[in-house]
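Open the model in your viewer and keep the selection panel at hand. The stops below go from one selection to the next.

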Amino acid sequence: MIVLLLGLALWVASHTWKRVAPGHRARFGSTGKGIVAALSVVAIVLMVIGYGDADSTPYWSRSPALTGINNLLMLLAFYLFAASGKGTRVTRYIRHPQLTAVLVWSGAHLLVNGDLRSLMLFGGLALWALAEMALINRAEGPRGAYHAPPIKSEIIAVVATFVVFGIVSAIHIWLGYNLFG
């Protein structure tokens, strides 16, 4: 469980660096992005290894209904993530689509993984996403004007959603976590 928590702590620290210590982060310029990227990769590796190695107490288990809801929520999470990059129309209503995607992703995983390690990982990342939204809102103030993107952006985001969902599903199945039952 320690490796999982170290990965989670590293993720939070690297991603909140810009918000908590903006002057310090700014001194690194564009190199800071590389540092955050490298720390993010290390954090993900630690979280994956820690999650796999952690013994955990189950509180609830998946059911066919929860599995179906999870998969639908995952499609929404992937769409929100794609929407953040393409600036789709949903960004008119959701200020932080990427962080909202993390919340949806976390909630979806908690529906089907009711053990302590899942509560630590997915709950921790959900709390980070909420805190990050608050920090961004405080730092940036009210959001600017909305400009509708071209329909091409919507189509790309939807196609990317299904492609990434297929890839992630295949990886989960390869790792022994069947998403479909």
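Helices here are DSSP runs of H or I with at least four residues, numbered from the N terminus. The model is a predicted one.

**Stop 1: His 24**

Select residues 22–26, which form helix α2, and pick out His 24 within that helix. Is His 24 buried, exposed or in between? Its relative accessible area is 35%. His 24 therefore counts as partly exposed, since that class lies between the 20% limit for buried and the 50% limit for exposed. Now add Trp 17 to the selection: the side chains of His 24 and Trp 17 are joined by a polar contact of 2.9 Å.

**Stop 2: Asn 71**

Move to helix α4, residues 64–86, and select Asn 71, which lies in this helix. Its relative accessibility is 11%, and buried means under 20%, so Asn 71 counts as buried. Show the side chain of Asn 70 as well; a polar contact of 3.2 Å links it to the side chain of Asn 71. Which residues touch Asn 71 once neighbours within four places in sequence are set aside? They are Phe 165, Leu 179 and Phe 180.

**Stop 3: α4 against α5**

Keep α4 and add helix α5, residues 97–112. Two packed helices are described by the angle between their axes and the distance between the axes. For α4 and α5 the angle is about 165° and the axes are 8 Å apart. Angles over 145 degrees count as roughly antiparallel, so α4 is roughly antiparallel to α5. The two helices cross in a left-handed sense. To display the contact, select on the α4 side residues including Leu 66, Asn 70, Leu 73, Leu 80 and Phe 81. On the α5 side, select among others Pro 97, Ala 101, Val 104, Trp 105 and Val 112. By class, this contact holds 15 nonpolar and six polar residues, with no charged ones.

**Stop 4: α5 against α6**

Hide α4 and bring in helix α6, residues 116–140. The angle between α5 and α6 is about 160°, with 9 Å between their axes. That makes α5 roughly antiparallel to α6. The crossing of α5 past α6 is left-handed. From α5, the contact residues include Leu 99, Val 102, Leu 103, Trp 105 and His 109. From α6, they include Leu 119, Phe 122, Trp 128, Glu 132 and Ile 136. How many residues of this contact are nonpolar, polar and charged? There are 14 nonpolar, five polar and one charged.

How values were computed. Residues numbered from 1 in each chain as written. Predicted model: local features only at pLDDT ≥ 70, side-chain atom pairs only at ≥ 80, totals over all residues. Heavy atoms only, no water. Axes fitted to C-alpha atoms, helices over the stretch in contact; angles between N-to-C directions. Parallel < 35°, antiparallel > 145°, perpendicular 65-115°, else oblique. Left-handed = near helix turned anticlockwise from the far one by under 90°. Contact = heavy atoms within 4.5 Å. Nonpolar A, V, L, I, M, F, W, Y, C, P; charged D, E, K, R; others polar. Buried < 20%, exposed > 50% of the residue type's maximum accessible area, 1.4 Å probe, protein only. Polar contact = N/O pair within 3.5 Å; in protein donor to acceptor, adjacent residues only side chain to side chain.
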